[in-house]
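Q: Could you take me on a close look at a single part of this model? I am a first-year student, so please explain the terms as you go.

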Amino acid sequence: SQRGAPAGCLRPSLGVMSLIVRAGDSADLDAVSQIYAHYVLTSTATFETVPPSPLAWGEKVAGIAAVGWPFLVAELDGVVVGFGYAAAWRARPAYAQTVEETIYLDGAATGRGVGTTLLAAVLDTAREAGAKQVIAVVSDRGADGSLALHRKLGFTQSGHLREVGEKFGLTLGTYLLQRSLAS
């Protein structure tokens, strides 16, 4: 979708490409659905096995927004190439200031600084919304890029859950990564 940059969006200098990170909206749901579907159908980055529809994404985004957490998209030259969000880590009230963040990029956007910019924006907006701790759950197979990105932005490994999922005939685990957002 072609759009101007709303107030508060990020425009880092990345040579000739124009990167914008902004709040996601209903016009982005098809792109978000397509980006995520690629990972669902071809990778172990997510343990989902059926891609959610744009309608399901709309419900998810509405739920995230309803409680005040961020759902952001990254645009390169006017095309949505990634999304990231923070959502409740657990439903119990004691966890109210802890979120789990999620980020996915179109394959063409990797290695161009998009993930770093998008994840930094998710962390900043989550902090502004009241988050103090952020958890990332990363597959222990085939997610080296995600691990590197999270470590680059200050996440440390807090745990390793072994053999908790199966996909494509593989037994998979997850790394739990954590970062404090407290001032």
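A: Here is a walk along one helix and the loop that comes after it.

This is a predicted model, in which local features need pLDDT of at least 70 and side-chain atom pairs count only at pLDDT 80 or more, while totals for chains, interfaces and linings use all residues. Residues are numbered from 1 along each chain as its sequence is written, and side-chain values use heavy atoms, with hydrogens and water left out.

Let's start with helix 1, residues 29–42. Helices are DSSP runs of H or I with at least four residues, strands are runs of E with at least two, and both are numbered from the N terminus. The 14 residues of helix 1 reach 20 Å from first C-alpha to last, close to the expected 20 Å; that expected span is 1.5 Å times one less than the number of residues.

Among the buried residues of helix 1 are Val-32, Ser-33, Ile-35 and Tyr-36. Buried means under 20% relative accessible area, exposed over 50%, and partly exposed in between, with a 1.4 Å probe and protein chains only. The cover over these buried residues includes helix 2 (54–66) and strand 7 (156–167).

Now follow the chain into the loop between helix 1 and helix 2, where you will find Pro-52. Pro-52 counts as buried because its relative accessibility is 18%. Pro-52 and Ser-33 are 19 residues apart in sequence, yet 6.7 Å apart in space, C-alpha to C-alpha. Leaving out residues up to four places away in sequence, Pro-52 touches Ser-33, Tyr-36 and Trp-57; contact means heavy atoms within 4.5 Å.
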